Amino acid sequence: MSITDILAQISQDQANAGLIAMAIRKLAATKVLWGGQSLAYEDRNDLERISQWLAAAAPDEVQKRCQDVCLYLEDHQVVLPDHSSPAETTRLLVSHVLRNLITAQVMAIMQQDRAEWFSRNNVPHVEGLPGDPGPSRWYPAYEEKMRQNGLCEAVVEQVRQDSWRIINGHHPPSRADIRNKGLVIGFVQSGKTASMAGVISMAADAGYNMFIILSGTKENLRRQTQVRLRRDLTTPGLGLVMHALTKDNEPGLDVKSNTLEHYAGAVLVPGGKCFGVVLKYGANLRALRKWLHSAGANRSRIALLLIDDEADQATPNGRVQNPEEDPDPDMRPSTINELIRDILNGTENSEPVPNGGIGGRAAYLAYTATPFATLLNETGPNTLYPDDLVWHLPRPLDYIGALEICGNPEAPGAHGLDMLRCITDDEAALIRRHPEQITDAAIQTPALMNAVVWFLIASAEFRLRSRGGGKHNPNTTMLLHPHHLTNRHQLIENLVNVVVEKLRADNALLQGLVHTVYEEERGRIAAADLLSVRPDYTAPLDACGQMNDEHAIWDEIQNFFPLGRVSTDGNPIFRVVVDNSTRDDAVRLRYPPEDELAAPAAALVQIVIGGSTLARGLTLQNLVSCYFCRPSGQMDSLLQMGRWYGFRHGYEDLPRIWLSDAARDLFVEGALVESEVYEQVHRHYVSGHFTPAEFGVCLRSNPGGVKLTARMRAATQVGLDYSGERAQTIVFNSDANWLRGNWDAGERLIGRIRECGMVAEAAGENRIYRNVPVACILDFLRQYESVESAVRFDSAWQRQFIEEQREALGTWAVVVKSGEASQGEFSGEPLHLVRRSRLSGGGLINIKSLMGPEDTLADRPDLNSGGGHLADRMRLRFDHDLGPLLVLYPIDQNSRATEGGSRVNLDAPHHVLGAALVYTGAGMGHGYGAGRIVQVRMSAQQEDE
């Protein structure tokens, strides 16, 4: 008996309560044939509840409900797509019945039953979603999947809270007009896709029924996102299956030649949901725009959530104009930006279209780890600026990022994990510009040779750990990122193959290098080191720093490298591959399916060379060696290239990164700019003081010559602000004359202070001068040189800021620090020089940190007793309204490094003078951070409002 027959019989025999109950039970047990497939609705609890209500309901009410359902099914014939799965088709059929048969009373019973079901299965109900959509189904199912995938409860709860806040920052889809625009900021390689899936699931419960994800411009990244979301958003056992508008292995949309009505069963029916992962290409977006324009009378039945992954790539409007300088009312946005606007607003080429699209029934949510372009893009009601919501995802548990690896120069003692190795400027230039001229890689590119040898050692160690610990994914990867041009990748591939063949051909050379690198690198990172930078680390660290014996390492290397053994699919275990747009999928980076990785013999050991595809989200499994020498003039692009950030459970001590000193400093600077953005988002938006439409985030424009982003046309400089900050020199030129010049500048400053009649106070061996005129400080900064690439201390910028704040910075305290090094002399007086060691490698002298937290109160020893973090000491300066402070550090050129550490002796050609400036913040600006500050221009309409 069909559903229609059952309902018709109920309608005819409405007075017979027993027959009604029997018919509903039959419905619960009936298998309906649809398209030749047998379908069944398994949720009998709901139907039993309906049966009980029908048995007690008034006959005329039952008859009315049943007649409505019969008419609906006859009129619409329940058109379903042929390729729907049985579970999906069953769910759609039942949704027709339930939506038209159940009264408000029965819905309340169903909600109660749902809550009981989720409670029995330890799946919580999501309260407070916008629009009061009823029982939660999609998000609890996704939450259970997170648990099944091994995520701890703290992570599951954090995803839940973030998803709830993001969804509640949007208008409910029950409104006739949605039109929300939001931004979610995460960390590079930190699991933004998990948040995305959580938001989609919760939005599905809130009533959104269509989800389009724009996944950047690379097909391998789109495919990765498509597979992940299809897996996370589908739970057939609960009847939760979203229809896919895109396919795993086909980049095009599955809607190009069909109207929206073709997908009525997946989109337009009550309860129907669909999703698509689309490349951000003009052709794809035009096809999507055309398809949505076919909605016609169905536009009110669609609630679209458009998620823009990698929103800083291709989306920002590159044609933003300054209306004061170059007004052009006919200027249209750049192509991708305009197409996304059209999809959201129901326009075409920015012009209104009658009944166009689903305009007003769409919300926009941008995701990115580098939000500079999004936050500095144009504002206004029809732009993509996130007027309604800016949210930042917290730093995930066990995440290892820039600050953990590079250290924080503003937190002395937190030097970072000992993972960084230096590529000299000569080697980096040779690799980037003339790799074909390299005739002897061992001599001309020693860092590359060491990186490859370490990759062999770390891969062997990882495979041994996997075998002993039962880890099922022992693939290992080395990343070589030399250039953005694809033709250079071929040259680098040739070079790496020369290195590999040299090592294969000379067993003695390989064994000697393995021994040398093994002895240099083993034990460099212990569990205590990791806990010093991440005290909240949760994963077990039993293996951290405990490498296997060298003989075991060597034997394992023999298993996969020189003998050229092959994996189960007949391909070499060790591979050198290029991953870029010129290579076919068959020869690009790939990993064996998970079901083949039960034993390490099936795993691959791969050196991958590439550019853009490796800089935007592509997952590199178990990355243990990186060789990075690609230059970038944009901070956001540079940060995206940090593929070595992320989660390294079980091999926290194995990753090594080779990069130049300049690149390392820029990565640290980028992390600090990021942290300032996060702090402002929390201060202004999360706390509810402002909306993004009312106040734009202020960003420090990097003084080291690297722009935040290419798209800053909507930004304006709003000031230069060091208030509440400290700036210190950590990088010095290795030229003797340069060092001598700075030393002399410091001595001249002290001489001039004495000429003004100031007498030093003694604080231990430190000397303190008070009430020093600002003119003395400015003269010192004119003579004291900073390294051009220094991003934390720029003499010219410091002078500019002091000049602008001259009234507030009229008098200074100057402290000459003594240390624990040899007896010396500075400005004609004896003192013990300061000891500082340097990082190994590179042409510059990089001491990583100069100033300890206690030095921020060096002029007030009475306030400086006991412990306290840097923030606490800076607060004391502010609370006591202390003036600005200059601290001079006369550093011994022969400073020795601590034995057993990661640093080396200073070995400078002259004594080094370090300088640190501390600004109180009292009465000086807003404390947005050191540097030139830029902020988005708010539109005239927003400013008027």
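## Exercises on a parallel sheet and its salt bridges

In strand S18, Phe-628 is the bridge partner of His-481. The model is a predicted one, so let's work through it with that in mind.

**Exercise 1. Find which strands pair with S18, and in which sense.**

*Solution.* Start from the pair His-481 and Phe-628. A second pair on S18 is Leu-479 with Cys-626. Strand S15 (residues 476–481) and S18 pair in the parallel sense, with five bridges between them.

Now look towards S19. Ser-625 has Arg-656 in S19 as its bridge partner. S18 and strand S19 (residues 656–659) run parallel and are joined by three bridges.

**Exercise 2. Work out the strand order of the open sheet, and say which strands stand at its edges.**

*Solution.* Step one is to put S18 between the partners from Exercise 1, S19 and S15. Step two is to extend the order both ways, which gives S14-S19-S18-S15-S17-S16, six strands in parallel pairing. Step three is to read off the ends: strand S14 (420–422) and strand S16 (574–579) each have a single partner strand, so one side of each has no neighbour in the sheet. From one strand to the next, the twist averages 15 degrees.

**Exercise 3. Decide whether S18 is mostly covered or open, and find the strands that helix H19 lies across.**

*Solution.* Residues count as buried under 20% relative accessible area. In strand S18 (residues 623–628), six of its six residues are buried, so the strand is mostly covered. As a reminder, side chains in a regular strand alternate between the two faces of the sheet.

Next, turn to the helix. H19 (residues 486–505) lies across S15, S16 and strand S17 (605–610). Relative to S16, helix H19 runs at about 170 degrees.

**Exercise 4. Compare the settings of three salt bridges: Glu-219 with Arg-223, Glu-378 with Arg-341, and Arg-782 with Glu-803.**

*Solution.* The general idea first: side chains of opposite charge can pair when their charged atoms come close. The cut-off to apply is a side-chain nitrogen of Lys or Arg within 4 Å of a carboxyl oxygen of Asp or Glu. By this rule, the count is 39 salt bridges.

Take Glu-219 and Arg-223, whose closest N and O atoms are 3.7 Å apart. Both belong to helix H10 (residues 219–232), and because they are four residues apart, about one helical turn separates them. Glu-219 is buried at 18% relative accessible area, while Arg-223 is partly exposed at 22%.

Move on to Glu-378 and Arg-341, with closest N and O atoms 2.3 Å apart. This pair links distant parts of the chain, 37 residues apart: Glu-378 is in the loop between helix H14 (372–375) and strand S13 (389–392), and Arg-341 is in helix H13 (residues 335–345). Glu-378 is buried, with a relative accessible area of 18%, and Arg-341 is buried too, at 11%.

Finish with Arg-782 and Glu-803, at 3.6 Å from N to O. Here, too, distant parts of the chain are linked: Arg-782 is in helix H26 (residues 774–783) and Glu-803 is in helix H27 (residues 795–804), 21 residues apart. Arg-782 is partly exposed at 48% relative accessibility, and Glu-803 is partly exposed at 36%.

**Exercise 5. Which residues are joined into one network by salt bridges that share partners?**

*Solution.* Follow the shared partners, and the network takes in Glu-143, Glu-144, Arg-147, Glu-153 and Arg-160.

Key:
Residues numbered from 1 in each chain as written. Predicted model: local features only at pLDDT ≥ 70, side-chain atom pairs only at ≥ 80, totals over all residues. Heavy atoms only, no water. Buried < 20%, exposed > 50% of the residue type's maximum accessible area, 1.4 Å probe, protein only. Helix = DSSP H or I, 4+ residues; strand = E, 2+ residues; numbered from the N terminus. Pairing = 2+ DSSP bridges. Axes fitted to C-alpha atoms, helices over the stretch in contact; angles between N-to-C directions. Contact = heavy atoms within 4.5 Å.
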